[in-house]
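Here are my notes for your first look at this model. Please keep the structure open beside you while you read.

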Amino acid sequence: MTNTITDIKRPVNVHKTYHAHVYFDSDTKEIARGVCDKIAQQFDLKIGRFHERLVGPHPRWSCQVTFRAKHFDEFIPWLDANREGLTIFIHGLTGDYLKDHTDYAYWLEQSVELNLEMFQPNRIRRFAQNLNII
Ligand code: ZN
């Protein structure tokens with residue numbers, strides 16, 4: 001899967017719950033810390049760990065913010081105006097991990113390719129085949 005500029009979907013308020021992942025790297029981690037601190041000051045939202053390593057499907061270091069539909073109209077424009085040039089990955093939380101990270105994936109600024117392999121149903125089978133247990 002290749003993401004180009006035309007693939008970028010702006011977030012839409014159609015889900016009950018969302019994650020916003022603030023992406024950063026070693027050069028931008030202090031900026032990201034500032035953005036996450038500001039979120040904590042301005043909004044009553046659950047902010048996850050500040051991961052200075054790759055976690056889950058994320059191809060960049062990241063910090064996760066959980067928010068709900070009722071926060072969307074205030075939080076998203078604020079985040080767009082205050083993200084200090086960082087890429088923000090936003091996705092719905094529906095319980096379908098693959099859909100959440102494909103169909104329900106949205107971006108502020110550019111998109112980057114996610115590591116979706118972990119959400120493929122056949123991945124478990126392949127593991128099992130490699131281990132000769134099925
Ligand atoms: Zn997430």
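Which residues are exposed on the other side of α1? Point 4 has the answer. Remember throughout that this is a predicted model.

1. **The overall plan.** The chain has four helices and five strands. Read from the N terminus, the elements follow the order β-α-β-β-α-β-α-β-α. Of the 134 residues in the chain, 23% are buried. Take the contacts between residues at least 6 apart in sequence: 62% of these join residues at least 24 apart.

2. **The sheet.** Five strands form an open sheet in the order β2-β3-β1-β4-β5, and the pairing is antiparallel. The edges are β2 (46–51) and β5 (105–108). Each of these has a single partner strand, so one side of each lacks a neighbour in the sheet. On average, neighbouring strands of this sheet are turned by 20° against each other, direction ignored. As background, strands of a sheet pair through backbone hydrogen bonds, either parallel or antiparallel.

3. **Strand β1 and its partners.** Start with β1, residues 17–24. Six of its eight residues are buried, so the rest of the structure largely encloses this strand. Eight bridges link β1 to β3 (residues 61–68) in the antiparallel sense. Find A20 in β1: its bridge partner in β3 is V65. Then turn to β4 (residues 88–92), which is joined to β1 by five bridges and runs antiparallel to it. Here H19 stands opposite H91 of β4. Next along, β4 and β5 are antiparallel too, with four bridges between them. In that pairing, I88 stands opposite L108 of β5.

4. **Helix α1.** This helix, residues 29–42, packs on the sheet and touches β1, β2 and β3. Its direction makes about 150° with that of β1. Now check its length. At 1.5 Å a residue, its 14 residues should span 20 Å; the end C-alpha atoms are 20 Å apart, which agrees. Next, look at its two sides. A32, V35 and I39 are buried in α1. They cover an arc of only 60° around the axis, which puts them on the same side of the helix. The buried residues of α1 are covered by elements including β1, β2, β3 and α2. Now the opening question: E30, D37 and Q41 are exposed on the other side of α1.

5. **Helix α2.** Follow the chain on to α2, residues 69–82. This helix lies across β1, β3, β4 and β5. It runs at about 140° to β3.

6. **The core.** The largest nonpolar core holds 22 residues. A20, V22, L86 and I88 have the most contacts inside it. At least two residues of this core come from each of β1, α1, β3, α2, β4 and β5. The biggest giver is β1, with five residues. As a general point, nonpolar side chains in soluble globular proteins tend to be buried together.

7. **A closer look at I88.** Which residues does I88 contact, leaving aside its neighbours within four places in sequence? The contacts are A20, H21, V22, Y23, L79, R83, W107, L108 and E109. Two of the names, A20 and V22, also appear among the best-connected core residues in point 6.

8. **Two backbone angles to check.** Most residues other than glycine have a negative phi. E84 is not a glycine, yet its phi is positive, at about 55°. You will find E84 in the loop between α2 and β4. It counts as partly exposed, because 13 C-beta neighbours lie inside 10 Å. E109 is the other case: its phi is near 70°, a positive value in a residue other than glycine. Please look at both in the model.

9. **Where E109 sits.** E109 belongs to the loop between β5 and α4 (122–130). With 14 C-beta neighbours inside 10 Å, E109 counts as partly exposed. Leaving aside its neighbours within four places in sequence, E109 is in contact with T87 and I88. Also compare E109 with G85. They are 24 residues apart along the chain, but their C-alpha atoms are separated by 7.8 Å.

Key: Residues are numbered from 1 along each chain as its sequence is written. This is a predicted model: local features need pLDDT of at least 70, side-chain atom pairs count only at pLDDT 80 or more; totals for chains, interfaces and linings use all residues. A residue is buried if 20 or more other C-beta atoms lie within 10 Å of its own, exposed if 12 or fewer, and partly exposed in between; C-beta atoms are placed from the backbone. Two strands pair if DSSP finds at least two bridges between them. Axes are lines fitted to C-alpha atoms, for helices over the stretch in contact, and angles run from 0 to 180 degrees between N-to-C directions. Two residues are in contact if their C-beta atoms, placed from the backbone, lie within 7 Å. A nonpolar core is a set of buried Ala, Val, Leu, Ile, Met, Phe, Trp, Tyr and Cys residues joined through C-beta atoms within 7 Å. The expected span of a helix is 1.5 Å times one less than its number of residues. The arc is that of the directions from the helix axis to the C-beta atoms.
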